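Me: I am new to this structure and would like a close look at a single part of it. Please take one strand, follow what it pairs with, and then go on to what lies around it.

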Amino acid sequence: QVQLVESGGGLVQAGGSLRLSCAASGSIFSINAMGWYRQAPGKQRELVAAITSGGSTNYADSVKGRFTISRDNAKNTVYLQMNSLKPEDTAVYYCNADLFPGVGVLSEDYWGQGTQVTVSS
């Protein structure tokens, strides 16, 4: 079994900062990309940021320059540092990992349970 456990969400005023963490545990052989998605009420889930095992990153245009994704491969953990938060960043943030749960099997997508981020104006 593989679990992704997120932490760090909460309520913050516009202009503030939050740091999200997501730790993967369980039967993991290796992890490819890890990322953060978000879903606001009435909207589709969208990619916020992603990072490969080699450290290459990709960001949504709406968060470039404000959010930074990083990972600690030794801890199977991915982070999202969110600065200069705006009310439109309010959403449930989900951690995602594309990983190999064992040797000789295909990689699979796993999701965390989500953590609420609310930015007040």
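Reply: What follows is about strand 9, its partners, a neighbouring sheet and the salt bridges.

This is a predicted model, in which local features need pLDDT of at least 70 and side-chain atom pairs count only at pLDDT 80 or more, while totals for chains, interfaces and linings use all residues. Residues are numbered from 1 along each chain as its sequence is written, and side-chain values use heavy atoms, with hydrogens and water left out.

Strand 9 covers residues 91–100. Strands here are DSSP runs (E, at least two residues), as helices are (H or I, at least four residues), numbered from the N terminus. Seven of the ten residues of strand 9 are buried, so the strand is largely enclosed by the rest of the structure. Buried means under 20% relative accessible area, exposed means over 50%, and partly exposed is in between, with a 1.4 Å probe and protein chains only.

Strand 9 has several pairings to describe. Two strands pair if DSSP finds at least two bridges between them. Strands of a sheet pair through backbone hydrogen bonds, either parallel or antiparallel. With strand 4 (residues 30–39), strand 9 pairs in the antiparallel sense over eight bridges. Within that pairing, S30 has F100 of strand 9 as its bridge partner. Strand 10 (residues 108–111) is also antiparallel to strand 9, and four bridges hold this pairing. There, D98 has D109 in strand 10 as its bridge partner. Strand 11 (residues 115–120) runs antiparallel to strand 9 as well, joined by three bridges. In that pairing, A91 stands opposite V117 of strand 11.

One residue of strand 9 deserves a separate look. N96 lies in this strand, and it counts as buried because its relative accessibility is 8%. The side chain of N96 reaches the backbone oxygen of Y110 at 3.3 Å. That is a polar contact: a pair of N or O atoms within 3.5 Å where, within protein, one must be able to donate a hydrogen and the other to accept it, and where residues adjacent in sequence count only if both atoms are side-chain atoms. Leaving out residues up to four places away in sequence, N96 touches L4, A33, M34, G35, Y37, D109, Y110 and W111. Contact here means heavy atoms within 4.5 Å.

The next topic is the loop before strand 9 and the sheet it comes from. S84 is in the loop between strand 8 and strand 9. Phi of S84 is near 50°, a positive value in a residue other than glycine. S84 counts as partly exposed because its relative accessibility is 41%.

Strand 8 belongs to an open sheet of four strands in the order 1-3-8-7, with antiparallel pairing. The edge strands of this sheet are strand 1 (2–7) and strand 7 (67–72), each of which pairs on one side only. From one strand to the next, the twist averages 15°; axes are lines fitted to C-alpha atoms, for helices over the stretch in contact, and angles run from 0 to 180 degrees between N-to-C directions. Strand 7 and strand 8 (residues 77–82) are antiparallel and share six bridges. D72 stands opposite T77 of strand 8. In the loop between these two strands is N76, which has a positive phi of about 50° although it is not a glycine. With 24% relative accessibility, N76 counts as partly exposed.

The salt bridges come last. Side chains of opposite charge can pair when their charged atoms come close. A salt bridge is a side-chain nitrogen of Lys or Arg within 4 Å of a carboxyl oxygen of Asp or Glu. The structure holds four of them. R38 forms a salt bridge with D89, and the closest N and O atoms are 2.9 Å apart. This pair links distant parts of the chain: R38 is in strand 4, D89 is in the loop between strand 8 and strand 9, and the two are 51 residues apart. Both D89 and R38 are buried, with R38 at 6% relative accessibility. R38 also forms a salt bridge with E46, where the closest N and O atoms are 2.7 Å apart. E46 is partly exposed, with a relative accessible area of 36%. A network of salt bridges links R38, E46, R66 and D89. Another salt bridge joins the side chains of K64 and D61 at 3.1 Å, N to O. D61 counts as exposed, at 65% relative accessibility.
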